[in-house]
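Trainee: I would like to take a close look at a single part of this structure. Could you walk me through it slowly, residue by residue?

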Amino acid sequence: MKRISTLVLVPSILLACGDNRPLGDADAMVDAPPDGPSVIEDCETQLTNQSITLTSVLGIYGRAAFDGKTVWTTYSTREIDASGDPTSRLDTFAVRLSCDGQLIGGPQRISTTASANDTQPLVAVSGNAIMYAWSGELDPDITASNCTAGSCLRAFVRSYNKNDAASPILFNDKTLLMRYDGTAYNQNVLASGLAAGPDGHFYITGVRAVSDAPGWTVFLQELDRQGNGVGDAVHPLVETD
């Protein structure tokens with residue numbers, strides 16, 4: 001059986017700012033195709049022979065993952081404040097599409113941490129879980145950010161049930177927390193890759209600051225479907241001598 005695991009959308013993803021509909025919103029649903037090899041192959045044909053552009057307002061950094069029947073898409077768009085006005089920051093949003101580009105669910109805001117500029121979102125599918133990840137720079141002028149200038153870069157994750165997208169696994173986003181040699185790290189982290197692991201687990205990669213070096217090191221962290229780190233992160237390039 002042929003299978004598409006990840007695809008990248010045309011960068012000019014366009015969606016309405018301010019919309020926030022569940023990824024499983026019944027009003028936005030169309031019938032997803034049934035399971036079966038012929039359906040997978042039909043979806044593959046559609047997805048490899050066309051580009052999908054969603055129309056309305058500006059969105060950037062589009063990424064998508066294919067679960068065998070539908071396409072889970074994430075992107076960054078302008079943050080809307082409580083008064084309904086756009087700010088200078090970005091938020092992470094997601095939509096779910098059929099193989100021919102019809103909207104199945106969303107748009108839904110995935111990022112929930114206030115005062116963060118969220119960019120470069122990622123998405124992957126493993127088992128019955130959909131995981132989103134992105135990088136966010138917190139505002140050091142906001143006390144609730146709990147960071148100071150120079151230590152405000154974080155990576156965030158949030159997960160959903162593939163078969164019940166209206167019920168998130170994580171109802172709010174979670175700061176990526178990794179451990180190395182018994183020490184927990186969550187500051188100055190930039191996520192750059194997300195891949196499916198076995199049984200609803202995921203692998204996230206990126207770089208983080210190393211104060212003892214000083215400098216940056218790449219990392220790989222296994223995550224469970226709740227966004228928790230499984231074991232220590234792998235840091236192949238940490239050298240402090």
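Mentor: Let us begin with Trp-134, keeping in mind that this is a predicted model. Trp-134 has a relative accessible area of 0%, and because buried means under 20%, this residue counts as buried. Its ring does not stand alone, for Trp-134 and Phe-156 form an aromatic pair with 6.1 Å from centre to centre and 20° between the planes. The pair is classed as stacked, because planes under 30 degrees apart are given that name. Trp-134 belongs to strand E7, which covers residues 129–138, while Phe-156 belongs to strand E8, which covers residues 153–161, so the pair ties together parts that are 22 residues apart in sequence. Phe-156 is buried as well, with a relative accessibility of 1%. This pair is one of three aromatic pairs that the structure holds.

Another ring, that of Tyr-185, has a partner of another kind: Arg-208 lies over its face, at 3.7 Å from the ring centre.

A polar side chain can be followed in a similar way. Gln-221 sits in strand E15, which covers residues 215–223, and Gln-221 is buried, at 0% relative accessibility. A polar atom of the Gln-221 side chain lies 3.3 Å from the backbone nitrogen of Ala-233. Once its neighbours within four places in sequence are left aside, Gln-221 is in contact with several residues, among them Met-178, Arg-179, Phe-202, Tyr-203 and Ile-204, and also Gly-229, Val-230 and Ala-233.

Note on methods: Residues numbered from 1 in each chain as written. Predicted model: local features only at pLDDT ≥ 70, side-chain atom pairs only at ≥ 80, totals over all residues. Heavy atoms only, no water. Phe/Tyr/Trp six-rings, centres within 6.5 Å; stacked < 30°, edge-to-face > 60°. Helix = DSSP H or I, 4+ residues; strand = E, 2+ residues; numbered from the N terminus. Buried < 20%, exposed > 50% of the residue type's maximum accessible area, 1.4 Å probe, protein only. Lys NZ or Arg CZ within 6 Å of the ring centre and 35° of its normal. Polar contact = N/O pair within 3.5 Å; in protein donor to acceptor, adjacent residues only side chain to side chain. Contact = heavy atoms within 4.5 Å.
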